[in-house]
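Trainee: I've got a model open and would like to work through its fold with you. Can we go piece by piece?

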Amino acid sequence: MDGLTGKVVIITGASEGIGRALAIAMARVGCQLVLSARNETRLASLALEIANYGPTPFVFAADVSSASQCEALIQATIAHYGRLDILVNNAGMTMWSRFDELNQLSVLEDIMRVNYLGPAYLTHAALPYLKSSQGQVVVVASVAGLTGVPTRSGYAASKHAVIGFFDSLRIELADDNVAVTVICPDFVVSQIHKRALDGEGKPLGKSPMQEAKIITAEQCANMMLPVIATRGRQLITSLRGRLGRWLKLIAPGLIDKIARKAIASGH
């Protein structure tokens, strides 16, 4: 896509799921990528794959819950490429437990640190360079950031925080011509579900989703690409997500039932 060719792009959480699929999609349109996640081995494997059909990515392992590591990621990007055009805040984690069955309250802190504070830390470090390039911040939020979702209260709270933060930031950055794009996927096939934390703060180990009935990470990335290329404001990937925004205003009880059914059915 013309709007993306040659752009220097950081993607966090790039080792798997949406981040990995988006990295491949952006490489194919000629982006110069910085791949970041905690698992350097998976990042290196992805970089080798991408090098077969696009510019060789720069790999930098980092934990977004650390402000110092976020700063280091930005500085390494500038040292390598000399600029930054697009920051994709994609790294995230989730939970799968009723709140009254949550025995490890540290789960809430961990989720908020990764899903909300991480993007805030990284964006703060990147802003001087994004202002210079009149670039773009992209954040992968969730439809759970638009309404309540049972068994995922801490996750939904973190995504509500993310949407509120970046909607506010969009207004602040308007005069700097820095675009802010919020992506709200519905359920997507991803390793994040297998690593969702249960009431004891331990990974589930298997996905509770009916993966055959939800979209793939590649489908999600393909939906994201044109919205990023046109510096769009927001993408909600599902019809029920788009309808849900209005139902919450006119029939809030109905949207509660839809959310309950979605979790119970796993899709």
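Mentor: Sure, and keep in mind that this is a predicted model. Let's begin with the sheet: it is open, built from seven strands, with parallel pairing and the order 3-2-1-4-5-6-7.

Trainee: Which strands are the edge strands?

Mentor: Look for strands that pair on one side only. Reading the order 3-2-1-4-5-6-7 from end to end, you get strand 3 (58-59) and strand 7 (234-236).

Trainee: How many bridges join strand 1 to strand 2, and which residue is the partner of V8?

Mentor: Strand 1 covers residues 8-12, and strand 2 covers residues 32-36. The two run parallel, joined by five bridges. In one of these pairings, V8 has as its bridge partner Q32.

Trainee: And over in strand 5, which residue of strand 6 stands opposite V140?

Mentor: Strand 5 (residues 136-140) pairs with strand 6 (residues 179-184) in the parallel sense, over five bridges. Opposite V140, in strand 6, stands I183.

Trainee: Back to strand 1: are its side chains buried or exposed?

Mentor: In a regular strand, side chains alternate between the two faces of the sheet. Here V8, I10 and T12 point one way, while V9 and I11 point the other way. Five of the five residues of strand 1 fall under the 20% cut-off, so both sets are buried.

Trainee: What angle does helix 1 make with strand 1?

Mentor: Helix 1 spans residues 17-28 and packs on the sheet. There it touches strand 1, strand 2, strand 4 (86-89) and strand 5. Its direction, compared with that of strand 1, makes about 165°.

Trainee: How does helix 1 lie against helix 6, oblique or roughly parallel?

Mentor: Two packed helices are described by the angle between their axes and the distance between the axes. For helix 1 and helix 6 (residues 217-229), the axes are 8 Å apart and the angle is about 55°. That angle makes helix 1, relative to helix 6, oblique.

Trainee: What does that contact consist of by class?

Mentor: Helix 1 brings G17, I18, A21, L22, A25 and M26. From helix 6 come A217, E218, C220, A221, N222, M224, L225 and I228. Sorted by class, the contact of helix 1 with helix 6 has one charged, two polar and 11 nonpolar residues.

Trainee: And helix 1 with helix 2, oblique or roughly parallel?

Mentor: Helix 2 covers residues 40-50, and its axis is 10 Å from that of helix 1. The angle between them is about 25°, and angles under 35 degrees earn one particular label. So the two helices are roughly parallel.

Trainee: Which residues of helix 2 make that contact?

Mentor: On the helix 1 side, R20, A23, I24 and A27 take part. Their partners on helix 2 are L46, E49 and I50.

Trainee: Is A61 buried or partly exposed?

Mentor: A61 sits in the loop between strand 3 and helix 3 (67-81). Beyond its neighbours within four places in sequence, A61 touches S36, A37, R38, E40 and L43. Its relative accessibility is 30%, so A61 counts as partly exposed.

Trainee: Last one: what separates the C-alpha atoms of S106 and E200?

Mentor: S106 belongs to helix 4 (residues 106-133) and, at 35% relative accessibility, is partly exposed. S106 and E200 are 94 residues apart along the chain. Between their C-alpha atoms, the separation is 9.6 Å.

Terms used:
Residues numbered from 1 in each chain as written. Predicted model: local features only at pLDDT ≥ 70, side-chain atom pairs only at ≥ 80, totals over all residues. Heavy atoms only, no water. Axes fitted to C-alpha atoms, helices over the stretch in contact; angles between N-to-C directions. Helix = DSSP H or I, 4+ residues; strand = E, 2+ residues; numbered from the N terminus. Parallel < 35°, antiparallel > 145°, perpendicular 65-115°, else oblique. Contact = heavy atoms within 4.5 Å. Nonpolar A, V, L, I, M, F, W, Y, C, P; charged D, E, K, R; others polar. Buried < 20%, exposed > 50% of the residue type's maximum accessible area, 1.4 Å probe, protein only. Pairing = 2+ DSSP bridges.
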